[in-house]
Structures are given as C-alpha cells and as structure tokens.
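Please open the model in your viewer and keep the sequence panel beside it. The stops below are given as selections, each followed by what is found there.

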Amino acid sequence: PYTTLFRSSTTNGLPVTSIGTNAFSFCTSLSSVTIPGSVTNIEDAAFYCCTSLAGVTIPDSVTGIGYATFFHCINLSRATIGSSVATIGNCAFYGCTSLDGVEIPISVTHIGDAAFSFCTSLTSITIPPTVIRIGSGAFSSCTSLTNVTIPSSITRIEDETFSTCSSLPSIAIPASVTNIGNSAFYSCLGLSALTIPESVTGIGEYAFYQCIGLTDVNISANVASIGDMAFAYCHNLSSIDRKS
C-alpha cells in the first residue's frame, strides 16, 4: 500500500483546488491520502473503490462531497468531514463496511440518497439541525446502527431511509415529520419502541414491514393513509393505539 500527498502547488506554482471525477478510482493499494486546505471541491467517484484506504480528513475548505466519492472503500474506518461541507452526495460512503464513526458537521444541509448505505460497522449517527433532507436509503442496511438522532428540521422520512437497520432498538420521529415513506423502516428487526407523532398524516407502503420486535404502536388520528403491507409480518404486534 502507498500514501498520496497532494502538494500545496503544482509545477507551475498554482494550488490544487479540485480533485477530479474518478481521479483515484480503483487505486486499490492506496492506504492514506492528505488533502490540502486549498482544495474546495471533490468530484464524483474521486476515490471510488480505493479498498485499502483506511482514513480520510476532508479539510474545512471543501464545500461538497460528490457522488460515490468513497464508494466501496471497505477499509475506511475513519472519516472526518470539514466544517464547510454543505452536501454529502448520493452514495458518497456507500459500502464503507469498516466505517464505525462519522461526525456530520452543522454546515451540512443535504445528505444524499444511499449516502451511508451498507456502512455495516456504523453504530451511532447524530444528524445536525441544519440538515433539511435525508435522502432515500441514506442509512439503509446499516446493520450495526443502534442510535440515531433525527432533527426537527426534517419533514419527511424518505423511502428506505433506515431499511434493514436490524439492530436499531428505537427511533424518535420528530414532530416536524408529516410523512413516513415507503419501506422507511423495512425489516428493522430490533425496533421495539415506536411513537408516531401527531404531525404525521401518511405512512407509506412496507414502512414497518417485518419489524418483528414491535409490540405496541401509537398512531395519531391525523394519519389519513397507511400503505399496503405497512405493518405486515410484525409478528409480535399485539396492540395499536389510535389516538383521537
């Protein structure tokens, strides 16, 4: 394995400001990388399938992490996200199976679709109050996730957001949420505590399908629609309390 250090300037004296699309994709022996503070943009799939990359620090100068930037970096256990990053792109950390902790700074407003999907070592995540959208499948198949904080800035739990998070024991859905998308908590086998706030008006198809740990559910009278198979195969569900 080898290390890449970006020089603060190129041969013509100009600083490195951007890392291009697929710049280091499939560099499977790359073990570490140092990104200088002159970089403001990391393009799509820049470190795609760098399977030996163990850690990365994204400097405060960077404002966005592109599509599939660290896709399938299976040995990436540590990721430090700089304080200016506003967007974490679709599939940015998809399949980073060794990633066991990441702090999302308050600069972030959007977390893309499947951004942390299949991060199977991730145990806890706090989403800051600046985030206004968590993408579809953003944390799907994070099978070790036991703790997640959803801020009151979120108005919808998108489709498959936490699907197959099989170790998640409970979830606090904030009162700002009006809709729970299709398969949002599909097959969250360990989910045993659930209160759906009065703000929610719709629960999507397969939303809590096969949540076999659920025993009791409180549903507000404001819920106008419950989708097909929403609570199917919840074998231990013994009571549903619909509040008037």
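Begin by selecting F71, which has a relative accessible area of 18% and is therefore buried, in a model that, it should be said at the outset, is predicted. Add Y94 to the selection; its relative accessibility is 25%, so Y94 counts as partly exposed. By the ring-pairing rule the count comes to 17 aromatic pairs. F71 and Y94 form one that is stacked, with 4.9 Å centre to centre and 5° between the planes. This pair links distant parts of the chain, since F71 sits in the loop between β6 (64–65) and β7 (78–80), while Y94 sits in the loop between β8 (87–88) and β9 (102–103), 23 residues apart.

Next, select F208 and F231, whose ring centres are 5.2 Å apart and whose planes meet at 10°, so that this pair too is stacked. F208 belongs to the loop between β18 and β19, and F231 to the loop between β20 (225–226) and β21 (239–243), so the pair ties together parts that are 23 residues apart in sequence. F208 is buried, with a relative accessible area of 0%, and F231, at 16%, also counts as buried. To see the wider setting, extend the selection to F24, F47, F70, F93, F116, F139, F162, F185, F208 and F231, which ring pairs link into a cluster.

Now switch to a cartoon view and select β14, β16, β18 and β20, which make up an open sheet of four strands in the order β14-β16-β18-β20, with parallel pairing. The edges are held by β14 (156–157) and β20, each of which has a single partner strand, so one side of each is left without a neighbour in the sheet. Within this sheet, β18 and β20 run parallel and are joined by two bridges; for a closer view, select I203, which stands opposite I226 in β20.

From the sheet, move to S183, in the loop between β16 (179–180) and β17 (193–195). S183 is buried, with a relative accessible area of 13%, and, leaving aside residues up to four places away in sequence, it touches E160, S163, E205, Y206 and A207.

One of those contacts, Y206, leads to the surface. Y206 lies in the loop between β18 (202–203) and β19 (216–220) and is partly exposed, with a relative accessible area of 30%. Select M229 and Y233 together with Y206 to display a nonpolar surface patch of about 280 Å² that these residues make.

The last stop concerns charged side chains. A search of the whole structure finds four salt bridges. Select R133 and E158, which form a salt bridge whose closest N and O atoms are 3.7 Å apart. R133 lies in strand β12 (residues 133–134) and E158 in the loop between β14 and β15 (170–172), so the pair ties together parts that are 25 residues apart in sequence. R133 is partly exposed, with a relative accessible area of 31%, whereas E158 is buried at 15%. Then add R156, which is partly exposed at 32% and forms a salt bridge with E158, the closest N and O atoms being 3.1 Å apart. R156 also forms a salt bridge with D159, where the corresponding separation is 3.2 Å, and D159 is partly exposed at 25%. Finally, select D113 along with R133, R156, E158 and D159 to view the network of salt bridges in which these residues are linked.

Notes. Residues numbered from 1 in each chain as written. Predicted model: local features only at pLDDT ≥ 70, side-chain atom pairs only at ≥ 80, totals over all residues. Heavy atoms only, no water. Patch = residues over 30% accessible without salt bridge, like charges linked within 9 Å, V, L, I, M, F, W, Y side chains within 5 Å. Areas by Shrake-Rupley, 256 points an atom, 1.4 Å probe, with all protein chains shown as cover. Buried < 20%, exposed > 50% of the residue type's maximum accessible area, 1.4 Å probe, protein only. Phe/Tyr/Trp six-rings, centres within 6.5 Å; stacked < 30°, edge-to-face > 60°. Pairing = 2+ DSSP bridges. Contact = heavy atoms within 4.5 Å.
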